[in-house]
Amino acid sequence: MDFSISEEQLQLRDAVKRFCDGEYPPEMRGQQVSADMRRERWGMMAELGLIGLAVSETCGGSDLGMVEQMGVLEELGRCLSPEPYLSTAVISGSLINALGTSEQQQRWLAPIAMGQLRVAFALDEPRERYAYQASLMECRLTLEGEDYRLSGEKSLVLDGADADAYVVAAQHDGALQLLVVPADAVGLTRTTGSTLDSREIATLCFADVLISSGQVLAEGERAECALQAVLDRTSAALCAESVGAMTELVEQTREFLKVRKQFGAVLGKFQVLQHRFVDMVIALEQSRSMAAVAAMAVDEADAEKSRKLVSAARVSVARAARLISKEAVQMHGAMGMTDECQVGHYVKRLMVAERLFGDISHQLQNFAKSTATAA
Amino acid sequence: MRLEFTPKEEAFRQEVRQFVKDELDSAIKAKVERGLRLEKADYVAWYTKLFDKGWITPGWPEEEGGPGWTPIQKYLFDEETLLGGAPRIIASGINMLGPVLIAFGTPKQKDQYLPAIRRSESWWAQGFSEPGAGSDLASMRTTAVRDGDHYIVNGHKVWTSYAHFCDKLFCLVKTDKDAKPQEGISFLLMDLDTPGIEVRPIKLYEGGNDLNEVYLDNVRVPVENLIGEENKGWTYAKYLLGHERTGIAGIGASKQQLLRVKRLIKEQGMAGDSHFQRRVTELEIELIALEATGLRILGANQTFNAQGAEASMLKVRGTELRQDIFELLYEVAGPAVIPFSEEAMRLEGVDPLIGDDERSSLAANFLDSRKLSIYGGTNEVQRNVTSKMLLQG
Ligand SMILES: Cc1cc2nc3c(=O)[nH]c(=O)nc-3n(C[C@H](O)[C@H](O)[C@H](O)COP(=O)(O)OP(=O)(O)OC[C@H]3O[C@@H](n4cnc5c(N)ncnc54)[C@H](O)[C@@H]3O)c2cc1C
């Protein structure tokens with residue numbers, strides 16, 4: 001195992017850090033921003049080559065892996081970026097990259113890499129939590145001549161409120177299909193709302209939406225494998241993003257303990273807080289290691305091993321995030337519970353990251369399942 | 001020693017339970033049980049029912065309008081009302097100022113203030129904390145300078161719960177800047193509409209705004225509004241904080257939230273999930289142990305010494321257990337906590353995306369529950385104080 005970072009990876013991180021420090025000043029973090037502002041930033045990220053990082057070179061990308069994306073995601077988490085990087089660049093981009101025909105790639109992937117098309121991922125459904133097997137999906141396709149009709153409901157579509165298109169998972173006779181549906185498709189209605197951490201989310205309702213065969217990315221086993229792979233990728237990404245957010249929480253708590261005085265001393269002089277602060281740092285460092293393990297596993301390991309390590313990383317990072325969040329609030333006292341204080345915005349981002357695409361309980365089950373089959 | 005309550009006590013419990021069932025408005029109960037936001041009118045409606053029954057001030061002596069209950073009765077009353085989904089007593093006049101007025105107020109002050117507190121006509125806010133003085137309350141800087149038969153008060157109070165519901169403020173002020181920190185403090189009462197007072201809301205991270213800041217700029221307060229003696233305010237404040245801590249173990253509230261966990265687990269078809277079942281069972285056992293300890297302390301000295309180590313122990317264990325229960329609720333909710341809207345935190349409100357999914361409030365409830373280890377003396381400070389008693393006494 002080698003955790004060292006190459007010169008190029010370091011340069012990329014620095015570039016992202018400069019971008020983030022410029023674009024996300026502390027007082028704006030966690031606040032809602034205008035759609036115009038978000039489009040502008042998205043364009044800047046495309047120019048920096050961040051969106052196409054893992055996209056093939058033929059479509060204008062850099063053909064790099066999760067390890068590179070990890071650096072970007074960590075920075076975006078550190079600055080609470082509300083941009084649809086996870087949904088568009090990590091999830092939809094990699095699915096189209098892996099599955100699309102060259103025609104589909106030219107149609108969707110190239111504009112994604114250029115920042116012109118934002119594609120959200122519609123997987124969850126309202127009835128069953130984290131039911132990612134085709135047989136459990138109520139979003140269904142029915143054949144109509146050469147085409148299909150899509151009906152059903154998708155919920156918790158992150159960044160879904162103003163996406164240009166969606167990658168949708170649906171079942172056709174018990175088999176999984178992954179398709180691309182433009183936001184303006186006839187029969188698609190979306191209900192928009194806000195996440196706990198003030199990002200955008202939507203529920204999509206498909207009523208007999210016409211799907212041409214050109215919109216289908218994959219079906220059956222090929223789609224199943226791709227879905228598993230992208231879920232692992234997403235989990236690794238959520239770990240990286242969380243590590244960024246936790247880094248900042250620990251940093252803010254460190255600063256606070258150094259300046260806040262009570263009983264004639266800075267809080268950092270009180271031993272009980274010293275010890276607990278060290279526990280926060282230990283949790284952070286372990287998360288950093290596990291986020292790296294998850295990214296490397298996605299890039300290098302076979303499906304079984306990747307699954308196992310990635311779910312281990314999710315559990316370990318989620319536990320650390322909970323500890324760090326609770327301690328950061330507690331050590332800030334009442335101030336830590338205000339909207340004005342940055343702490344709460346980071347805590348909420350971490351809470352959402354913990355629940356997207358599988359909570360702790362779900363990840364524990366994934367891990368147990370993969371150990372059982374691996375043994 | 002005897003395991004069961006006496007038949008008389010059980011009969012009393014039944015009486016309280018029936019009262020809550022008959023009198024508590026169902027919309028208010030639904031808000032409490034689903035962790036939604038309450039309006040002042042909700043609290044007043046319930047407090048008025050309690051007043052009419054003579055039960056609004058269980059902690060006050062009989063001659064001042066208390067019901068004359070034994071500690072066990074008070075305990076059962078707390079448990080049954082909270083378990084039945086009644087709003088907590090958040091009015092600081094009832095829990096905090098009332099006992100201080102009764103112990104240290106002049107007859108005139110008692111006549112002037114106590115009846116209005118009991119009738120919920122007058123709501124008091126607690127102005128102790130300041131930006132620079134939280135755990136170290138004695139380091140506060142708000143001053144009161146004597147000018148004829150008035151004090152002129154200047155300063156800045158913060159984290160003032162429900163000040164926006166209140167018409168009055170009890171406040172700690174420095175009357176002797178040269179004395180040792182705890183010796184130069186006085187306890188003053190003021191009307192919140194006195195010129196020079198400005199109340200500003202503080203928005204909290206879970207979207208609520210129970211807290212406020214209070215700015216005091218050359219506020220003229222009549223000298224007759226002083227409690228007890230000048231520079232003795234710390235003694236009265238300590239007496240008050242002792243009262244604040246007694247109910248804080250929150251057994252009834254914990255029981256009520258545990259019922260909610262069980263209901264949600266069942267409703268979501270997760271009864272077969274051994275992870276959640278085990279957590280619920282563990283917390284239930286912890287609650288039994290806490291309740292037994294609370295009752296043992298009550299029984300050991302029928303005049304419960306609220307300022308001793310026992311109160312701190314109950315506060316620490318009680319609040320941490322409640323936080324664990326809220327955390328479990330938050331876990332049980334799964335992905336339903338991802339969407340959030342202020343609308344969904346109100347019974348009347350409907351968020352188009354969330355609909356009537358009660359689980360969306362559980363993220364806010366979890367965040368809100370972090371306050372339990374911060375207010376009423378932080379749990380670190382409780383442990384400091386207790387360890388001093390145990391190790392240095
Ligand atoms: C919801 C809520 C309602 C409140 N309502 C009121 C109200 O109505 N009126 C009012 O006057 N106040 C109110 N408060 C304020 C409350 O009393 C203070 O928040 C509390 O005393 C802590 O002070 P602080 O927030 O300034 O934290 P600080 O005192 O700055 O403490 C920060 C952290 O350091 C820790 N710490 C401090 N000193 C030590 C030490 N010696 N050893 C170890 N750890 C230490 C604390 O435990 C805490 O974790 C409320 C607070 C909350 C959260």
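How much space lies in the second largest cavity? About 90 Å³, going by this predicted model. The close-ups below start there and then move on to the largest cavity, the ligand and one annotated stretch of chain B.

**View 1. The second largest cavity, with its lining from chain A.** The residues to pick out here are A:Y132, A:Q228, A:L231, A:D232, A:S235, A:R307, A:V310, A:S311, A:F357, A:H362, A:Q363 and A:N366. Three helices of chain A give two or more residues each to this lining: α6 (220-259), α8 (303-332) and α10 (360-374). The largest share is from α6(A), which puts in four residues. Sorted by class, the lining has six polar residues, four nonpolar ones and two charged ones.

**View 2. The largest cavity, at about 170 Å³.** Its lining is made up of 19 residues, and those closest to the centre are A:R29, A:G30, A:Q31, A:L80 and A:P82. Helix α9 of chain A (residues 342-355) gives the most to this lining, though that comes to three residues. Charged and nonpolar residues number seven each here, alongside five polar ones. If you go hunting for others, the count comes to nine cavities of 30 Å³ or more.

**View 3. The ligand in a site shared between chains.** Residues from both A and B surround the ligand, so the site belongs to the two chains jointly. There are 26 residues around the ligand, and the ones that come nearest are A:Q330, B:S135, B:S161, B:T378 and B:E380. As for helices, α7 (271-300) and α8 of chain A and α12 (379-391) of chain B each supply at least two residues of the shell. That shell holds twelve nonpolar, eleven polar and three charged residues.

**View 4. Polar side-chain atoms beside the ligand, from A:R260, A:Q262 and B:N384.** A polar atom in the side chain of A:R260 sits 2.7 Å from an oxygen atom of the ligand. For A:Q262, a side-chain N or O atom is 3.4 Å from a ligand oxygen. Over on chain B, the side chain of B:N384 has an N or O atom 3.0 Å from a nitrogen atom of the ligand. On its own the ligand has 970 Å² of accessible area, and the protein covers 93% of that.

**View 5. Residues 6-119 of chain B, an annotated domain.** An unreviewed UniProt entry labels this stretch "domain: Acyl-CoA dehydrogenase/oxidase N-terminal". In the model, residues 6-119 of chain B are 68% helix and 0% strand, with the end C-alpha atoms 32 Å apart.

Definitions and conventions:
Residues are numbered from 1 along each chain as its sequence is written. Chains are lettered from A and ligands numbered from 1 in the order in which they are written. This is a predicted model: local features need pLDDT of at least 70, side-chain atom pairs count only at pLDDT 80 or more; totals for chains, interfaces and linings use all residues. Side-chain values use heavy atoms; hydrogens and water are left out. On a 1 Å grid over the protein atoms alone, a cavity is a set of points where a 1.4 Å probe fits but cannot get out, and a pocket is an open set with protein on both sides within 12 Å along at least five of seven lines; lining residues have an atom within 4 Å of a point. Grid points are joined across faces, edges and corners, and a volume is the space filled by probe spheres set on the points. Ala, Val, Leu, Ile, Met, Phe, Trp, Tyr, Cys and Pro count as nonpolar, Asp, Glu, Lys and Arg as charged, and the others, Gly among them, as polar. UniProt positions are given in the numbering used here, feature names are shortened, and annotations may be inferred rather than shown by experiment. A residue is near a molecule or strand if one of its heavy atoms lies within 4 Å of it. A polar contact is a pair of N or O atoms within 3.5 Å; within protein, one must be able to donate a hydrogen and the other to accept it, and residues adjacent in sequence count only if both atoms are side-chain atoms. Accessible areas come from the Shrake-Rupley method with a 1.4 Å probe; for residues, only the protein chains shown count as cover.
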